[in-house]
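Welcome, and thanks for opening the viewer. Let's walk through this one together, selection by selection.

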Amino acid sequence: MRPPGTGRVVITGIGAVTCLGASLTETWCGVRAGRSGIAPITSFDASKHDVRFGGECRDFDATQFFTPKQVKRLARGSTLVVCAAKQALDDAHLTLASIDTTRVGAVVGACMSGTEIVEEQLSQCSTRGVWAMSPFFVPQVMTNAPAAQLSMLFGIRGPAFVTASACASASSAMGVAVRLIRAGVCDLVLTGGGEAALTSSVLAGFCALRALSTRNATPAAACRPFDKTRDGFVLSEGSSILVFESVQHARQRDARIYAEVLGVAETAEAFHMTQPRPGGDGLAACMRLCLADGAVDIGRVDYVNAHGTATPLNDREETLALKQVFGSDAKRLAISSTKSMLGHPLGASAAIELALTALAVHQQVAPPTINYETPDPDCDLDYVPGQARPMAIDVALSNSMGFGGHDSTIALGRWPTP
Amino acid sequence: MSEIRDRVIEIIAKELTIDAARISDDMSLVDDLGADSVDRLELLLQFETLVGFPIPSEDEESLATVGAVVAYVEKVMPDVNAPGPR
């Protein structure tokens, strides 16, 4: 165990842009109320796709935050990240101008940045010729663009880069952020993730994989994690950026603390491109490492924000993984999938879910799993169906799993420690 | 005012997201209108679309002011109604 006051990392600011609203407050209020942000797609013509709904950030207007010239130069995913980061800095009452910015990092998860730009520019080139490619193309779609934009727009001069591990990308980023602070490299890191891959090609790709729910008639009821009738995930977009800060730095400036980041772990399954290891072995190993990293006894864990995509395989294997790690204690856990309301924003999902987990710990409320109606014998734990549950939460876990076999778990603890 | 001039100014205003009424012939694309290196490439692409052929690299340097661009386009593309985008 780390000595008190050294190497401890706390969350002091959170921003979010999701399909439930363009702020953390709107997102949290929607989640607490069990509201779905899923609706028919309007940002492009999806009429020829098998799936025609998703979680678009409809309330987000980039021109409210950026000059027209900036909007023109940024892929949508970068605009979501920058907007969430600005909210997070404001929420943390941080002015970077007054601190040593070489000790501030920007580590962000994203895995499919700029797909809308790729589609637009390829279409342009196919009709007019390759000479018509915009010189903005590369700076817009390069994977590191969101972190580079954070550095340029906020003056961050410490480590700034993007991590990619599919749907665990943001969790990987936040794990790196914790280690940068523990190692004394950074005092604080803007971390999380952002993704705006709700585009025609990505939607078609996931349709081809048959990974998506096809409930076109009832979009808000489509994402049904752990329910027996679940038929796939719902593609969405969004971003959350969190301020991770060393506890000394936070105390020096008397910062408000949402939660402590107790433990982090990432593992790979060495198994299959899209399927989890049978029996939940991969995720179970990851959760154990995370608990060990934070020296957390399983008896302290009260809430788990599940990866819970609502694919038939994921939810069964995640349930098995929880049973492996927690044994008879698994029945005691409150487990929910906030994807039931927010869909799956790929590389951003772990960030948005950790933001909600931090609020769950801070406010002592477990968010619900909506659309859970028909119990599945393979998924027989407490998934907090329908309504948020006020409850004592000492420690909460947030799980993430990505195509390629990337697992990641982060443990948050109540602050101040009871 | 020539139609070519109007079209050049329309392109500059759109690409640099500035009010067309602010743009005058003597203005430098870089020093007065704030174009950076990538903006200049994007502008060049749009001027090429207007004239209908790739602008030779030896001509690029001369396109430093609004007036120079207008003069160049008028020289190489006397009939503004003729070719559209390539």
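What share of the contacts in chain B with a separation of 6 or more comes from residues 24 or more positions apart? Keep that in mind while you select chain B; note too that what you see is a predicted model. The share is 57%.

**Stop 1: chain B on its own**

Colour chain B by secondary structure. You will find four helices and zero strands, and reading along the sequence gives the pattern α-α-α-α. Next, try colouring by accessibility: chain B has 86 residues, and 42% of them count as buried. If you switch on a surface for chain B, its accessible area comes to about 4400 Å², with 53% belonging to carbon and sulfur atoms.

**Stop 2: where chain B meets chain A**

Now show both chains and select the residues in contact across the interface. On the chain B side there are 15 residues, and they touch eleven residues of chain A. Together the two chains bury about 1100 Å², and carbon and sulfur atoms account for 54% of that buried area.

How many salt bridges does the rule find across the interface of chain B and chain A? There are four. For one to zoom in on, select B:Asp39 and A:Lys69: this pair forms a salt bridge, and its closest N and O atoms are 2.9 Å apart. Widening the search to polar contacts between chain B and chain A, the count is eight residue pairs, with both residues at pLDDT 80 or more.

Which elements of chain B give two or more residues to the side that touches chain A? They are α1, residues 3–15, and α2, residues 37–51. Highlight α2(B) in its own colour, since its seven residues are the largest share of that side. Then colour the chain B side of the interface by residue class: five residues are nonpolar, three are polar and seven are charged.

**Stop 3: a residue inside chain A**

Leave the interface and select A:Val189, which lies in strand β6 of chain A, spanning residues 188–195. Is A:Val189 buried or exposed? A:Val189 counts as buried because its relative accessibility is 0%.

To see what surrounds A:Val189, show its contacts beyond the neighbours within four places in sequence. They are A:Gly105, A:Ala106, A:Val107, A:Ala177, A:Leu180, A:Ile181, A:Leu242, A:Val243 and A:Phe244. Finish by drawing a distance from A:Val189 to A:Val243: these residues are 54 apart along the chain, yet their C-alpha atoms are separated by 5.9 Å.

Definitions and conventions:
Residues numbered from 1 in each chain as written. Chains lettered and ligands numbered in written order. Predicted model: local features only at pLDDT ≥ 70, side-chain atom pairs only at ≥ 80, totals over all residues. Heavy atoms only, no water. Buried < 20%, exposed > 50% of the residue type's maximum accessible area, 1.4 Å probe, protein only. Contact = heavy atoms within 4.5 Å. Areas by Shrake-Rupley, 256 points an atom, 1.4 Å probe, with all protein chains shown as cover. Buried area = accessible area lost by both parts, 1.4 Å probe. Salt bridge = Lys/Arg side-chain N within 4 Å of Asp/Glu carboxyl O. Polar contact = N/O pair within 3.5 Å; in protein donor to acceptor, adjacent residues only side chain to side chain. Nonpolar A, V, L, I, M, F, W, Y, C, P; charged D, E, K, R; others polar.
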